[in-house]
Amino acid sequence: MSTPHCKPVFIDASALLVSSYYGNLPKSILYEKDPEKKKEHYGEILHTKDGHYTNAVIPMVSVILKILETQQPSHLLFAFDRTRDTFRRKKFEGYKAQRAETPEPLKQQFVSMEEFLKTAGFAVLSSDTYEADDIVGSGVSMVQKALAKDGACPTCYIWTKDHDYLQLVSDTCRIWLAQTAQDKADALNFAHYGMASSEMNLPDKTFLVTPAVCRREYGVAPSQIPDLKGIQGDPSDNIPGVKGVSSAAIPLLQEYGSLEEIYAALDDAADKAGENALKAFWKEDLRITRSPAKALRENRETAFLSKDLATIRRDCPLGVTEEDLRIRVNRALAENLQKAMEPLELKKLSQRVAAWEKTLPA
């Protein structure tokens, strides 16, 4: 049965760990371009007495504690990327092909972080086939379907820094979109809500995205994010899109709604007169000064492939149930957190948990 307090939270754990790692690196590594010279400074990275790196673990654990303290989640799932050779790489060999090798100190902390989370008692999922965003999308669907049977449809919250996740935003799903600095998050929240982040009880450095905010800030509805990437592509994932059409993508989607309908309009303009009329409409009514018709026609297959690559799957097998994601923020959880911190020598964070534990129910 659903609980009176129901707040499912999903964490894009890979993104959180990576951003924690690069945000807490010595400058001697962060600003060094030569990969071999970077390795010469690995000893300067925060580490335990026996040499286990912790510069990413420490800030990530701090973020998790803040979410537990302020959000009191009823469910919690941490999703990791396990490999780049997912089903998307099979569809398009160049998918994420431009990304550099993961540095060894970060690789080590992926292992440490997963062990920490499992010791603390949280659900941790990864896959050889799917990415973290597919796991989160499927997890949100699973939890909401399970709770809907009890007459409840709680709002789910996702922590991420990846704009791909915007497509999951709905009336019952919100994104905490991580920003590079608190000032930037504050400015965005104030611009859209007229309130400071602190008044909104948000995780640090995050911007709350709702369906209406997605439309205002990014120009399209959440459901149109894959269509947008189908046209614009995504350099971070090496999704090609359609070159030369980027600026026309938003007005086209605002007019037609989807990639499919854009191409239907092109197909309807079968002869020269029809295409001239379409170009005139785009120019005069949509304010598209340079017609994208030729580029779209020549890259139809690439556009639809790009949309497919950008689409988060919401039905992948998870191997867990809604009950497996349930947590209780109580003294037992605090004790598990302290136990998980011991091998990583997280003394200050352990002291923080010890003080917090006194305020928690048994």
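**Note on cavities, cores and a central strand**

1. The lining of the largest cavity in this predicted model consists of 6 nonpolar residues, with no polar and no charged ones. These residues are Ile11, Leu16, Ile64, Ile67, Leu76 and Phe78. Two elements, α4 (57-71) and β2 (75-79), each contribute at least two residues to this lining.

2. The cavity has a volume of about 30 Å³. Counting cavities of 30 Å³ or more gives 1. As general background, a probe the size of a water molecule, rolled over the atoms, reveals where empty space remains.

3. A pocket offers a second kind of lining to examine. The second largest pocket has a volume of about 190 Å³. Its lining comprises 11 residues, and His5, Pro73, Ile327, Arg328 and Val329 are those nearest the centre. By class, the lining of this pocket divides into 4 nonpolar, 5 polar and 2 charged residues.

4. Attention may now turn to the nonpolar cores. The largest nonpolar core holds 56 residues, and the members with the most contacts inside it are Phe10, Val136, Ile158, Val209, Leu252, Trp282 and Leu296. Helix α7 (residues 132-148) provides the largest share of this core, namely 6 residues. There is also a second, separate core of 51 residues, which includes Leu16, Leu17, Met200 and Leu208.

5. Val136 deserves a separate remark. When its neighbours within four places in sequence are set aside, Val136 is in contact with Phe10, Ala79, Ile158, Tyr165 and Leu168. Of these partners, Phe10 and Ile158 are also listed among the residues with the most contacts inside the largest core.

6. Strand β4 (residues 156-160) is largely enclosed by the rest of the structure, because 5 of its 5 residues are buried. In a regular strand, side chains point alternately to the two faces of the sheet. In β4, Cys156, Ile158 and Thr160 lie on one side, while Tyr157 and Trp159 lie on the other, and all of them are buried, so that both faces are covered.

7. The strand pairing of β4 completes the picture. Strand β1 (residues 8-12) runs parallel to β4 and is joined to it by 3 bridges. Within this pairing, Phe10 has Ile158 as its bridge partner in β4. Strand β5 (residues 173-178) also runs parallel to β4, with 5 bridges joining the two. Here the bridge partner of Cys156 in β5 is Cys173.

Methods:
Residues numbered from 1 in each chain as written. Predicted model: local features only at pLDDT ≥ 70, side-chain atom pairs only at ≥ 80, totals over all residues. Heavy atoms only, no water. 1 Å grid on protein atoms, 1.4 Å probe; cavity = no way out; pocket = protein on both sides within 12 Å on 5 of 7 lines; lining within 4 Å. Points joined across faces, edges and corners; volume = space filled by probe spheres on them. Helix = DSSP H or I, 4+ residues; strand = E, 2+ residues; numbered from the N terminus. Nonpolar A, V, L, I, M, F, W, Y, C, P; charged D, E, K, R; others polar. Core = buried A, V, L, I, M, F, W, Y, C linked by side-chain atoms within 4.5 Å. Buried < 20%, exposed > 50% of the residue type's maximum accessible area, 1.4 Å probe, protein only. Contact = heavy atoms within 4.5 Å. Pairing = 2+ DSSP bridges.
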